[in-house]
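This report concerns the packing of two helices, the nonpolar cores and one loop residue. Please consult the sequence and the model shown here.

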Amino acid sequence: NLMYLNTIPSQEEAVIYLAEIMEKETGRFFVGGHSKGGNLAVYASVKVNKELQDRIEVIYDHDGPGFHENIFESQEFTAIKDRIKKTVPRDSIIGMLLEHYDRYTVVKCQKTMLDQHDPFTWQVVNFESFNILPKTSNISQRASVAICNWLNGMSIEERKSFVTALFRIILSTGKRLVKDFTKFSLSEIRKMWSEYRKLSQAEQNLVKAGGRLLFEIRLRIVGKKSIKETKAINKNTI
């Protein structure tokens, strides 16, 4: 829903939650989250009133997806942006979605590809700090550009239609967790194909375009050379 809505329900709830907690307690606050939680941490910190915002010490955004451009253009974001500490894994995909704050730290990981989204694969040094790398991988950079260009080529209504259709197809298998989306049984593929055939021609075209993009990312951007490069960097893990 982040693809086509400026504000989603969980973001509005996060603002209410943060304000309620801060009004009950005194002192300085550290606000943070991982993945969608990172997005919510930033959004809530941007949207609470200035009196509360001034009490926020740091906002930790661990590989959270970005926002639409309008939030970065707001005075509220400008007031707090220097307190945002975004951290992403080397092959970050989720954290590079949509528009994002361009100041972030890259962490070395024990895994490759989407498995790096799991923060328990992120390496630390002497249990004190993350094992930092100078930049994200070619995988992350190229995938980010490809996905951004694809999204920018769609209207808001087309984005909504794509998301709705895609989830209809995936949820027909009964899967609910992202980690389960990497493998599908023959019976699950048949269920998805059956659901796909129920879509309108316009919806089918959007899903096919999205599928082609993911296929290209996998074969061309995340080719054998890139995977080999990533594994070499991650070879000596702690």
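The axes of helices H1 (9-24) and H2 (36-47) come within 8 Å and cross at roughly 60°; axes are lines fitted to C-alpha atoms over the stretch in contact, with angles from 0 to 180 degrees between N-to-C directions. H1 is therefore oblique to H2, as angles under 35 degrees count as roughly parallel, over 145 as roughly antiparallel, 65 to 115 as roughly perpendicular and the rest as oblique. The model is predicted: local features need pLDDT of at least 70 and side-chain atom pairs pLDDT 80 or more, while totals for chains, interfaces and linings use all residues. Residues are numbered from 1 along each chain, and side-chain values use heavy atoms, without hydrogens and water.

Residues in contact (heavy atoms within 4.5 Å) are listed by helix.

| Helix | Residues in the H1 and H2 contact |
|---|---|
| H1 | Ser10, Gln11, Ala14, Val15, Leu18 |
| H2 | Lys36, Asn39, Leu40, Tyr43, Ala44, Ser45, Lys47 |

By class, 6 residues of this contact are nonpolar, 4 polar and 2 charged.

The largest nonpolar core (buried nonpolar residues joined through side-chain atoms within 4.5 Å) has 23 residues, and Leu18, Val48, Ile56 and Ile59 have the most contacts inside it. H2 gives the most to this core, with 6 residues. Apart from it lies another core of 14 residues, including Ile147 and Phe162.

Ser35 lies in the loop between strand S1 (29-34) and H2. Ser35 is buried, at 17% relative accessible area; buried means under 20%, exposed over 50% and partly exposed in between, with a 1.4 Å probe and protein chains only. Beyond four places in sequence, the contacts of Ser35 include His62, Asp63 and His117.

How values were computed:
Helix = DSSP H or I, 4+ residues; strand = E, 2+ residues; numbered from the N terminus. Nonpolar A, V, L, I, M, F, W, Y, C, P; charged D, E, K, R; others polar.
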